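Good morning, colleagues. Today I would like to introduce a structure that may be new to some of you, and to take its pockets and one helix in turn.

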Amino acid sequence: MLKRLLLAGAASLALSAGAQACAFENETEVSILSAGFEAWKAVTDAMIECGNVNAELDQEFRQKQPAAFAANPSLYTLGGVSNGTITPLLNEGTIRPLDDLIEKYGQNLSPNQLIQIDGHTMAVAMMVNTQHMMYREDIFADLGLDVPGTWDEVLEAAETIKAAGVVEYPLGVTMKSGWNIAQDFNNMFLGYGGTFVNADSTPNVNTEAGLNALDMMKRLTEYADPEYLVSDSTYVQQQFQQGKIAMANLWASRGGAMDDPSESQVVGKVGAAAAPLAMEGGAPATTLWWDGIVVAANISDEEADAAFRVAMEGLDEEMVKANSDAAIWLVSGYEPSKLAQGAIATATAQPAPSSYPSTSQMGLMHTAIGNELPAFFTGDRSAEDTLAAIEEAYTTAAEEAGLLQ
C-alpha cells in the first residue's frame, strides 16, 4: 500500500482548489500533538491560520499520545500519527472513524490518502516517508566515488572519504538509544531477510539475520561520530547542514532542510539515492511509512467536526506548494524535488522494502530492541546475548499483553 501511496503522491493524482490561507474562521478550540519535523510544522502552521488552534510538536509524541487520548475528555482533538504509532490508539479505541467527516469536508482527498481499518477510515495520510541514502555530491565527484548501492559499498566509500580527510566523519547514523537505534536495527534486520516474530507471536530475532544486522551496524559506527548513541535524525540533519558528514541513511522528510539557505551550508550539494541493500538480491534495507492525522474519540461531535475541518485546511494545495520540499506529500499540488528521488527509488525497487508492521507485536518488539541494544554497542554484552535479551524482554511484554500464552 505504501508503494501505491508514494507513487500516487508523486504523480499528484488528486484534485484540489485551495485558494486562500483558511476558508473559514474557526471558533472551536482545536489542539494537536504530533512529531516535530518540518512537514508537521508546515501543516500545523496552515491550521493555525484558521484560529483557535494549539499545536504541540514533540519528538516524544509517541510516548505521550496513548495516555493523552485515553483521557476523557481527550487532552487533544487531533493527533499526528504514522503506521508505526497508530496501533496503540486503535487498540484502545481512542480515535474515531472519519467516514462521516470525510463526506462533509474531504472532497479534495485522494482515495490513496484514506487509511482504512476493518472497513472504516481511521486516518488521513498526508505524506509518505522512508530512510534513504543522502550523500554529498561534490565530495563523491571529487573523490571519484560511485553512489553506494549496498552497505558493503557504503563501508568502502566511508574508508575512502576518511582517508581523504574532507569531513569530520564520513557517515552519520541515527542510532540514539531507544526508538532510533531500534529502527536502524529493524531496517538492517529486514534487509538481511529477518522476520521479527513467528506465526504464534513468539520472537524470532536471535537468528543469523539478527547477528548480521548487529555486525553491520557495529562496522558502520567506526566511521561515525563516537557519540552516536545520542545521534537522532535532527542530530544527523545538522551534521549534514554543517558540512560535518558526507553521507547518511536519513529520513526523506529531512531532505528539504539540506537546501534551506537560512540554516544549511551545503545548499545544492546533497543528493539522494535508494536505501542500500544489506544483501545482494534483497530489498533496500529500510521500511516504508506514512504520516497522517487522526481525530480523538473522547471529544464531542462538534469538536471533532471543527478539528477535522481545520485539518483539511492544513492539508490543502496551498500549503503543499508553499512547502514542497518539506515532505513527499500525498496532497494535490506536490511536485517531487531532486531530494525526493531517493525515496521514490527506494519504494519502487524490486523487490521493494516492506511497510513498517503496524501490529501490537511489533510495538512490543521495537521497545524491547531499543531498550536492550545499547548494551551491545557499549561492549557490555555480546551480540548473541543481546539478541537473547531482546527476545526475553519481548516475551515478558507479550505475555503481559495477552499475545502469548
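**Two pockets and a helix**

To the lining of the second largest pocket, α3 contributes the most, namely three residues. Please bear in mind that this is a predicted model. Besides α3, the elements α8, α10 (233-241) and β9 (288-295) each provide at least two lining residues of the second largest pocket. The volume of this second largest pocket is about 430 Å³. It is lined by 22 residues, and those closest to its centre are Q59, R62, W179, N180 and W251. By class, that lining comprises six nonpolar, ten polar and six charged residues.

Where does the second largest pocket lie with respect to domain 1 and domain 2? Domain 1 (25-129 + 288-341) and domain 2 (131-286 + 359-401) both give residues to its lining, so the second largest pocket lies between them.

I turn now to the largest pocket, with a volume of about 560 Å³. Its lining has 28 residues, of which G84, P88, G363, L364 and T367 are the closest to the centre. The largest share, eight residues, is supplied by α14. In this lining there are eleven nonpolar, 16 polar and one charged residues. Both domain 1 and domain 2 give residues here as well, so the largest pocket also lies between them.

Finally, let us consider α8. Helix α8 covers residues 179-191 and reaches 18 Å from its first C-alpha to its last. Eleven of its 13 residues are buried, among them N180, F185 and M188. Just after α8, G193 adopts a positive phi of about 85°.

Note on methods:
Residues numbered from 1 in each chain as written. Predicted model: local features only at pLDDT ≥ 70, side-chain atom pairs only at ≥ 80, totals over all residues. Heavy atoms only, no water. Helix = DSSP H or I, 4+ residues; strand = E, 2+ residues; numbered from the N terminus. Expected span 1.5 Å × (residues − 1). Buried < 20%, exposed > 50% of the residue type's maximum accessible area, 1.4 Å probe, protein only. 1 Å grid on protein atoms, 1.4 Å probe; cavity = no way out; pocket = protein on both sides within 12 Å on 5 of 7 lines; lining within 4 Å. Points joined across faces, edges and corners; volume = space filled by probe spheres on them. Nonpolar A, V, L, I, M, F, W, Y, C, P; charged D, E, K, R; others polar. Domains from an automatic or database assignment.
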